[in-house]
Amino acid sequence: MTAHIVAMGGGGFSMSPFGAPTNLDRYLVELTGKSSPLVCFAPTASADDPQYINKFLLAYGTLGVRTMVLTLWEGGSAGSVSRLADADLLVVGGGHTVNLMALWQAHGVDRAIKARYASGDVVLAGVSAGGSCWYEGCITDSFGDFRPWRGGLGVLPGGYGADDGAGVHYVDGVPTNFVAETSGQRVYRVMPSELPTASGVLVEPQQMTVL
């Protein structure tokens, strides 16, 4: 059973004019292979911002999917977390990466997502904090300044950076495609380097597929 992860720097409905779905959103839905997939939106990193939730519902409501929202900030979370097992696509929104993971761990969302990923036949995706959370760690400004942080879900090793509107598509944990909403948006492989001109880091642009 195939499991997909699409980790994006930004883009999709949350950054599009008037909140319309973009080709990245359509790409995620198509990956499910379902005629009417259940799409779960996780706005945890934005403190379950109601405006963000409304933008998701309006955007994905035009794509012929069923929708649900994972809510943790108000009311009981158990029912919302248990429904993750039924989701065909999980879209994680942007915001505060460290707080996202802290709440997920407190409510058992991390365990539920890992179990769903292990069972396969699912698409996991997200932008910004929602794109970073799948990795072992990332560079984050959650503490104010930019610093390295290890505390993600750890289902993927680190090593890529992405522009807004661009993302890495993993199939069963292997990076297989680098996608972008428009030309010029890039994904970069980031590696340590001993070259004197690299300042300790080698940044390698990837070959992109424009959706």
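Buried denotes a relative accessible area under 20%. The views below show a predicted model.

**View 1. Strand β2 is covered on both faces.** Leu 38, Cys 40 and Ala 42 lie on one side of β2, Val 39 and Phe 41 lie on the other, and all are buried. Five of the five residues of the strand are thus buried, so β2 is largely enclosed by the rest of the structure. Strand β2 pairs with β3 in the parallel sense, over four bridges. Within β3, Arg 66 is the residue that stands opposite Leu 38.

**View 2. An open sheet contains eight strands with mixed pairing.** The strand order is β3-β2-β4-β5-β1-β9-β10-β13. The edges are formed by β3 and β13 (residues 209–210), each of which has a single partner strand, so one side of each is left without a neighbour in the sheet. At the β13 edge, β10 (residues 174–180) and β13 pair in the parallel sense over two bridges. Thr 209 of β13 is the bridge partner of Val 179.

**View 3. Strand β5 is mostly covered, with six of its six residues buried.** One side of β5 carries Val 122, Leu 124 and Gly 126, the other carries Val 123, Ala 125 and Val 127, and all of these are buried. Strands β1 and β5 run parallel and are joined by six bridges. Val 127 in β5 is the bridge partner of Met 8. Strand β4 also pairs with β5 in the parallel sense, over four bridges. Here, Val 123 of β5 stands opposite Leu 89.

**View 4. Val 92 is a buried residue of strand β4.** Its relative accessibility is 0%, and Val 92 therefore counts as buried. Apart from neighbours within four places in sequence, Val 92 is in contact with Ala 42, Leu 100, Trp 104, Ala 125, Gly 126, Val 127, Gly 130, Cys 133 and Trp 134. The C-alpha atoms of Val 92 and Ala 129 are separated by 7.9 Å, although these residues are 37 residues apart along the chain.

**View 5. Helix α2 (residues 50–60) has buried residues along one face.** The buried residues of α2 are Tyr 52, Ile 53, Phe 56, Ala 59 and Tyr 60. Seen down the axis of α2, these buried residues fall within an arc of 135°, so they line one face of the helix. An α-helix has 3.6 residues a turn, so residues three or four places apart point the same way. The face of α2 turned away from the buried side bears the exposed residues Pro 50, Gln 51 and Leu 58. Cover for the buried residues of α2 includes α1 (23–32), β2 (38–42), β3 (66–69), β4 (89–92) and β5 (122–127). At the start of the helix, a side-chain oxygen of Asp 49 reaches to within 3.2 Å of the backbone nitrogen of Gln 51.

**View 6. Helices α2 and α5 meet strands of the sheet.** Helix α2 lies across β2, β3, β4 and β5, and runs at about 170° to β3. Helix α5 (residues 109–119) packs on the sheet, where α5 touches β1 (3–8), β4 and β5. The direction of α5 makes about 135° with that of β5.

**View 7. The axes of helices α4 (residues 97–107) and α5 cross at roughly 85°.** These axes come within 5 Å. The crossing angle makes α4 roughly perpendicular to α5. Trp 104, Gln 105 and His 107 in α4 meet Val 109, Asp 110, Arg 111 and Ile 113 in α5. Just after α4, Gly 108 takes a positive phi of about 80°. Buried residues in α4 include Thr 97, Val 98, Leu 100, Met 101, Leu 103 and Trp 104.

**View 8. Thr 44 is buried in the loop between β2 and α2.** The relative accessible area of Thr 44 is 1%. Leaving aside neighbours within four places in sequence, Thr 44 is in contact with Leu 70, Leu 72, Trp 73, Leu 100, Leu 103 and Trp 104. Among these partners, Leu 100, Leu 103 and Trp 104 are buried residues of α4.

Notes. Residues numbered from 1 in each chain as written. Predicted model: local features only at pLDDT ≥ 70, side-chain atom pairs only at ≥ 80, totals over all residues. Heavy atoms only, no water. Buried < 20%, exposed > 50% of the residue type's maximum accessible area, 1.4 Å probe, protein only. Arc of directions from axis to C-beta. Contact = heavy atoms within 4.5 Å. Polar contact = N/O pair within 3.5 Å; in protein donor to acceptor, adjacent residues only side chain to side chain. Pairing = 2+ DSSP bridges. Axes fitted to C-alpha atoms, helices over the stretch in contact; angles between N-to-C directions. Parallel < 35°, antiparallel > 145°, perpendicular 65-115°, else oblique.
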